[in-house]
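Let's walk through this one as a set of quick questions and answers. Have a look at the sequence and the fold, then read on.

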Amino acid sequence: MDMDAAVSTLTALSIFSSTVEHAAYRSVHGYKVLGRKDGKWVRWERWLERQFVLSLSVPPCIEVAVPAASPRILLAGWRGRPVFREGQTVGTWRCIVAFDSVASIAPSSPPPPVLNPVVNPQLQCLPNLYIDLQKVFPFQKVEAKEQPVHSGEQKKGSDETDSSEYDSDGDPQSDKECCMMHAELAPQVQKKPRANRKLIESITLVDIARCFHLPIREASKTLKIGVSILKRKCRKYGIPRWPHRKIKSLESLINDLEYVLDDDAREEVQQGLQKIEEERQAAAIKALTKRKKMLESEMEIIQQKPALDLMTETKQFREDVFKRRYRAKTSILESLGSLESLE
């Protein structure tokens, strides 16, 4: 085959984040290749799976070899054409970005900051991933759209300055009357001081991520900026919705793990079991530890990409916790009612 004559075109790109290992990501690339074979032009598809260690901090982003022994996203001997969607899980990997031009699948939102070359310039060290991300997401257009907004604000500020200078022209008596009138109305019309532009520009994604555990109004007070400015900064970094509720829900589930274990033990005692076997107790502790790691990992993923929905398994587990709480509350109320009737 004449490799020099082959031309590759990106048709699919899916990126997965690990639910177990922090900062571990995998990408699946699909290419349509046109080349010459035996003097004839032929078309075929080429699929590649890559693994990376991505971070927004000082350690650089690197590409690592996909372990041969670990479960692969592209299984050996697969047939047909693989199609992935956001939120889909393959083993311990969860899809956070899905693009497929053949299946008409487009990303539902901007990529997380760690996959955004504007926010994470270290991605340029990974040309295979960086080039394909540039094809899927038009990052340069996002930067170009932000400039007219600042120019419009500056123009608005200049217009207000010009109008105030124009209004100050006139006779001195009228100026004195206007000053007295403004002095009387000043206590009633007090405007909040605007945040300094340098302060707004100095706020980074790391500063915003530290306030994810707070409601958006408290977060804006902590950062000393307005709510609308904070929302604008979030949209700039690809965060369409403030993730406080999702993170609080995951924290609540993590704290309820001990409650679930106690509830299971109580039910077994009521059924007549006098002693819990050590093996079953160890298995329960192991399962809870695994569940806690998965919830903590999912909370980190939500912090990186707040627009992503909770996993189906997490939602089912949350419903189960709510049912257990309701049963416990009902049993307590019934016990109190029986005690009152005896009195």
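Q: Which loop holds leucine 214?
A: This is a predicted model, so positions are the predictor's. In it, leucine 214 comes after helix 5 (205-209) and ahead of helix 6. That puts leucine 214 in the loop between helix 5 and helix 6.

Q: Is leucine 214 buried or exposed?
A: The cut-off for buried is under 20% relative accessible area. Leucine 214 has a relative accessible area of 18%, so the residue falls on the buried side of that cut-off. The verdict for leucine 214 is buried.

Q: What does leucine 214 touch, not counting residues up to four places away in sequence, and how far is its C-alpha from that of tryptophan 242?
A: Leucine 214 touches Ala219, Thr222, Trp242 and His244 once those sequence neighbours are set aside. Tryptophan 242 sits 28 residues away along the chain. Between the two C-alpha atoms the separation is 9.6 Å.

Q: Which residues is methionine 299 in contact with, leaving aside its neighbours within four places in sequence?
A: Methionine 299 has its place in helix 10, and at 16% relative accessibility it counts as buried. Lysine 246 is 53 residues from methionine 299 in sequence, with the C-alpha atoms 8.0 Å apart in space. The contacts of methionine 299 beyond its sequence neighbours are Ile247, Leu250 and Glu251.

Q: How far apart in space are valine 321 and leucine 253, C-alpha to C-alpha?
A: Valine 321 belongs to helix 11 (residues 312-342). With 0% relative accessibility, valine 321 counts as buried. Leucine 253 is 68 residues away in sequence, yet the C-alpha to C-alpha distance is 7.8 Å.

Q: Is arginine 94 buried or exposed?
A: Arginine 94 has its place in strand 6. Among the residues it touches beyond four places in sequence are Phe16, Gln88, Glu298, Asp309 and Met311. Its relative accessibility is 3%, and buried means under 20%, so arginine 94 counts as buried.

Q: Where in the chain is confidence lowest and where is it highest?
A: Averaged over the protein chain, pLDDT is 75, and 73% of the residues score at least 70. Helix 2 (residues 139-168) has the lowest confidence, with a mean of 44. At the other end, with a mean of 93, is strand 6 (residues 93-100).

Q: How many contacts beyond four places in sequence does the model have for residues 181-187?
A: There are two stretches to look at here. Over residues 141-174 pLDDT stays under 50, and the model has 7 contacts beyond four places in sequence for them. Residues 181-187 also stay under 50, and there the count of such contacts is 0.

Q: What is the value of phi at serine 104?
A: Serine 104 lies in the loop between strand 6 and helix 1 (127-136). Its relative accessible area is 66%, so serine 104 is exposed. Although serine 104 is not a glycine, its phi is positive, at about 55 degrees.

Q: Which loop residue, other than glycine, has a positive phi near 65 degrees?
A: Look in the loop between helix 6 (216-223) and helix 7 (227-236). The residue there counts as exposed, at 64% relative accessibility. The residue with that phi is lysine 224.

Q: How much space lies in the largest cavity?
A: Rolling a probe the size of a water molecule over the atoms shows where empty space is left. In this model, the count comes to 4 cavities of 30 Å³ or more. The space in the largest cavity is about 80 Å³.

Q: Which element gives the most to the lining of the largest cavity?
A: The lining includes Ser17, His22, Tyr25, Glu300 and Gln304. Two or more residues come from each of strand 1 (2-18), strand 2 (24-37) and helix 10 (278-304). The top contributor, with 4 residues, is helix 10.

Q: How do the residues of that lining divide into nonpolar, polar and charged?
A: At least three lining residues come from each of domain 1 (5-72 + 81-136) and domain 3 (243-265 + 285-333). Sorted by type, the lining of the largest cavity has 4 nonpolar, 5 polar and 2 charged.

How values were computed. Residues numbered from 1 in each chain as written. Predicted model: local features only at pLDDT ≥ 70, side-chain atom pairs only at ≥ 80, totals over all residues. Heavy atoms only, no water. 1 Å grid on protein atoms, 1.4 Å probe; cavity = no way out; pocket = protein on both sides within 12 Å on 5 of 7 lines; lining within 4 Å. Points joined across faces, edges and corners; volume = space filled by probe spheres on them. Nonpolar A, V, L, I, M, F, W, Y, C, P; charged D, E, K, R; others polar. Domains from an automatic or database assignment. pLDDT = per-residue confidence, 0-100. Contact = heavy atoms within 4.5 Å. Buried < 20%, exposed > 50% of the residue type's maximum accessible area, 1.4 Å probe, protein only.
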